[in-house]
Amino acid sequence: MKKADVVVIGGSAAGIPAAITCRRHYPDKSVMLIRKEKQVQIPCGIPYIFGTVNSPENNLIPDAAVTGKGIDLLVDEAEKIDRKAKNITTKSGEIVNYDKLVLATGSIPLDLPIPGLDKENVFKVKKDTPYLHNLLEEMKDKRDIVILGGGFIGVEFADECKKNRDVNVTIVELLPHCLMMAFEDEFCKEAEEVLRDRGINLITNVKLEEVLGDKKVSGVKLSDGRTIKADLLLVAVGVKPNVELAESTGLETDRGGIVVDSCQKTSDENIFACGDCTSKKSFFTQKPSGLKLASIATMEARIAGANLFGKRRENQGVVGVFSTCVGDKAFGMAGLSEKAARECGYEPVVGQAEAPNRHPGGMPGMSAMKVKLVFNKKSGEIIGGQVRGGHSVGELINTVSACIQKKMTADDIATFQLGTHPAVTASPIAYQLVNAAEMAIDNLEK
Ligand SMILES: Cc1cc2nc3c(=O)[nH]c(=O)nc-3n(C[C@H](O)[C@H](O)[C@H](O)COP(=O)(O)OP(=O)(O)OC[C@H]3O[C@@H](n4cnc5c(N)ncnc54)[C@H](O)[C@@H]3O)c2cc1C
């Protein structure tokens, strides 16, 4: 029998910061983290195992992230929660008592009803080290890789699979463009251009109807009648919340996952939940949001961890912010695209600016950076933004997200004080974020 004041189940993007935040806010409480895998993959780094970092071992979250913060680590699977007795039974038969429990059990790949998905050499995107080793090994003698799904995970996989490998890579995407769930059409088209330049075949606007082959995959049949040769198929089409444990103990769940309030508390006052396993609401509409991102998981974890023994933080809803890389270009999005804004009932007003991200433009590492901002005509507040450029996109889109969360107007953004330097930013005169806001002011006043 073991005991900790706080037990966290799950050791990834949500579980770790939940445990660390609890230690920071309540240093006198003992914290134990239970996770089932021996080694934890950095989930967002998984595509890079197949190119840039070249091995699952080079993509691990070190255990020191947990143990170095005074948190006890138990590698075991939580199988049962007894809410009355306030304990957890693990697969190895251990019983762990808790005062407060945090569920951070994450998500698992979606199961699609496509015939043939059970064939050999059909893989899903699993956050599982031995599985990823096997996938990397299988890729060694393959020539025709098909990726189902042109979202950011499918696109990143395609790009990485092409690195250091002489293979044909094809993305099959149901929507008219890759990345279309998140990005404006113009950004999707730019990303597609880079993918094509990298030799990746894009087949969009079609459904993958059947996986062909006897025991092993030999090809895929598409809804337009075409057949594509494949000796490896990677299914990258999304996830569902992992709620088995929560449901088996009678916690309230819905389609999005475990139901939580704005403090991340579940239907049991001693149990909190955060990350991909929880149901989410949109920052803009307070309606259900299907987004599952590491940025959301960590934010929710820092709320859950702080609120365990009294309310200290509140979740305002999901903004949705992330970046992706294709070749040497990066794309970032935060909040609503122009189209999504309209669907949410806003009258969107946009402003756009493009300039080099160094000054003068001849400085090393220069790339052209484009910023598009979306404002709500009625309130004048920013509700979305998209950025394309070099690697500095990742930080700029986070600034856009902060502007959205703080409900800044175009005037606020146009006049905020920004730091610049020739080697690391755009010129203060041509600063894209400010100029995109200025362009929107023109349109807001019309
Ligand atoms: C390939 C890929 C790339 C991604 N890239 C990005 C990106 O660039 N940016 C971004 O914001 N998001 C990205 N995401 C999404 C992001 O990875 C997830 O939102 C994030 O991992 C969610 O974290 P989580 O801790 O809630 O869940 P998970 O990462 O799913 O972790 C859940 C953990 O709980 C453990 N667990 C579950 N059940 C039990 C149990 N019963 N007992 C013990 N342990 C248990 C699991 O083993 C796991 O360790 C990506 C996802 C993938 C798959």
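Contact here means heavy atoms within 4.5 Å, a cut-off that applies to the helix packing shown in the second view of this predicted model.

**View A. An open sheet of five strands with antiparallel pairing.** The strands follow the order β24-β25-β28-β27-β26. Because β24 (321–326) and β26 (348–356) stand at the edges and have a single partner strand each, one side of each is left without a neighbour in the sheet. From one strand to the next, the twist averages 10 degrees.

**View B. Helix α9 lying across strands of the sheet.** Helix α9, which spans residues 393–405, lies across β24, β25 (329–335), β27 and β28 (382–389). With respect to β28, the helix runs at about 175 degrees.

**View C. The antiparallel pair formed by β26 and β27.** Strand β27, made up of residues 368–376, is joined to β26 by nine bridges, and the two run antiparallel. Within this pairing, E354 stands opposite K370 in β27.

**View D. Cysteines C263 and C344, neither of them in a disulfide.** Taking a disulfide as a pair of cysteine sulfur atoms within 2.5 Å, the count for the model comes to zero. For C263, the nearest cysteine sulfur is that of C274, 13 Å away, and C263 itself is buried, with a relative accessible area of 11%. For C344, the nearest cysteine sulfur belongs to C188 and is 17 Å away, while C344 counts as partly exposed at 34% relative accessibility.

Conventions
Residues numbered from 1 in each chain as written. Predicted model: local features only at pLDDT ≥ 70, side-chain atom pairs only at ≥ 80, totals over all residues. Heavy atoms only, no water. Pairing = 2+ DSSP bridges. Helix = DSSP H or I, 4+ residues; strand = E, 2+ residues; numbered from the N terminus. Axes fitted to C-alpha atoms, helices over the stretch in contact; angles between N-to-C directions. Buried < 20%, exposed > 50% of the residue type's maximum accessible area, 1.4 Å probe, protein only.
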